[in-house]
Amino acid sequence: LYALAHPAPEKRPDTEALPEVAKPGAERLLHSMGDVPAVLLGRFNDILAWNRAGHLLLAGHLGCDAPANAEERPNQLKLLFLDEHVRDLYVDWEDEAALAVASLRYIAAQFADDRRLATLVGELSMNSPEFARLWAGHGVRLCTSGSKRFRHPEVGEMELNYEVLHLPEGNGQRILTHIAEPGSPSFAALRLLTSTT
């Protein structure tokens with residue numbers, strides 16, 4: 001209902017043809033967060049930037065500079081559905097997948113005419129039966145906070161709380177952060193992960 005009451009501008013002719021660029025202030029914020037894993041996502045879940053902790057938590061098997069190349073930057077949805085390393089990272093993968101697709105539908109409603117959305121949905125539908133099934137279900141959900149269980153290859157299982165901070169410009173960019181309860185085994189595991197070189 002919020003998206004219906006606050007529709008996106010009619011056209012974005014100047015931005016649709018260009019690759020998304022990380023907002024400099026948001027990127028600086030990521031890197032100032034220290035050991036808090038943080039990722040800056042574009043409107044269709046391209047990873048525009050991540051801090052060191054975010055990279056180690058979510059995609060340590062990729063190069064740290066992977067988001068820098070707009071043509072080849074990782075996409076969170078593609079990683080979730082098509083990358084076995086990332087798929088194995090989530091203990092409750094089915095729940096994570098359903099939430100990710102419902103969140104994409106929410107964001108997509110604001111950018112329905114963007115050709116990159118059709119390209120992304122087409123690629124995922126062709127390569128992932130699970131994505132195609134979830135997309136056909138038409139679930140819509142604004143994902144802002146909750147908890148996720150990880151099975152990290154280096155430090156084992158962790159339960160982390162996440163917060164999604166939507167940037168005020170209305171361009172679909174948002175910061176995803178993960179934190180652990182202080183004093184918990186997950187907190188110790190996350191500290192161990194971020195202390196590695």
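A residue is called buried when its relative accessible area is under 20% and exposed when that area is over 50%, with partly exposed residues in between. In this predicted model, N45 has a relative accessibility of 5% and therefore counts as buried. N45 is placed in the loop between β1 and β2, and its phi is near 75°, a positive value in a residue other than glycine. A positive phi, of about 60°, is also found in H138, which is likewise not a glycine. H138 belongs to the loop between α9 and β3, but its relative accessible area is 54%, so that H138 is exposed.

The strands that border these loops take part in a sheet. Five strands, in the order β2-β1-β5-β4-β3, form an open sheet with antiparallel pairing. The edges of the sheet are occupied by β2 (47-50) and β3 (145-152), and because each of them has a single partner strand, one side of each is left without a neighbour in the sheet. On average, and with direction ignored, neighbouring strands of this sheet are turned by 30° against each other. Helix α4 (residues 52-59) packs on the sheet, where it touches β1, β2, β3, β4 (156-166) and β5, and the direction of α4 makes about 65° with that of β3. Helix α4 is mostly covered, since seven of its eight residues are buried, namely A53, G54, H55, L56, L57, L58 and A59. Within the sheet, strand β1 (residues 38-41) runs antiparallel to strand β5 (residues 174-179), and the two are joined by four bridges; in this pairing, A38 of β1 stands opposite T177 in β5.

The nonpolar interior was examined next. The largest nonpolar core contains 46 residues, of which F81, Y90, L104, F131, F150 and M158 touch the most other members. Helix α7 (residues 93-108) supplies the largest share of this core, with nine residues. Apart from this core lies another one, made up of nine residues that include A22, A26, A38 and I175. When neighbours within four places in sequence are left aside, F150 is in contact with L57, L58, L89, Y90, V91, G156, E157, M158, L160 and H178. Two of these partners, L57 and L58, are among the buried residues of α4, while another, G156, lies in strand β4.

G156 is described further by its own surroundings. With a relative accessible area of 27%, G156 is partly exposed, and, not counting residues up to four places away in sequence, G156 touches F150 and R151. Although G156 and L193 are 37 residues apart along the chain, their C-alpha atoms are separated by 9.8 Å.

The packing of two helices was also considered. Helix α7 and helix α9 (residues 129-136) pack with their axes 10 Å apart and at an angle of about 50°. The two helices, α7 and α9, are therefore oblique to each other, and their crossing is right-handed. On the α7 side of this contact stand W93, A97, A98, V101, L104 and R105, which meet E130, F131, L134 and W135 in α9. Two residues of this contact, L104 and F131, are also among the members of the largest nonpolar core that touch the most other members.

Definitions and conventions
Residues are numbered from 1 along each chain as its sequence is written. This is a predicted model: local features need pLDDT of at least 70, side-chain atom pairs count only at pLDDT 80 or more; totals for chains, interfaces and linings use all residues. Side-chain values use heavy atoms; hydrogens and water are left out. A nonpolar core is a set of buried Ala, Val, Leu, Ile, Met, Phe, Trp, Tyr and Cys residues joined through side-chain atoms within 4.5 Å. Buried means under 20% relative accessible area, exposed over 50%, partly exposed in between (1.4 Å probe, protein chains only). Contact means heavy atoms within 4.5 Å. Two strands pair if DSSP finds at least two bridges between them. Axes are lines fitted to C-alpha atoms, for helices over the stretch in contact, and angles run from 0 to 180 degrees between N-to-C directions. Angles under 35 degrees count as roughly parallel, over 145 as roughly antiparallel, 65 to 115 as roughly perpendicular and the rest as oblique. A crossing is left-handed if the near helix is turned anticlockwise from the far one by less than a right angle, and right-handed if clockwise.
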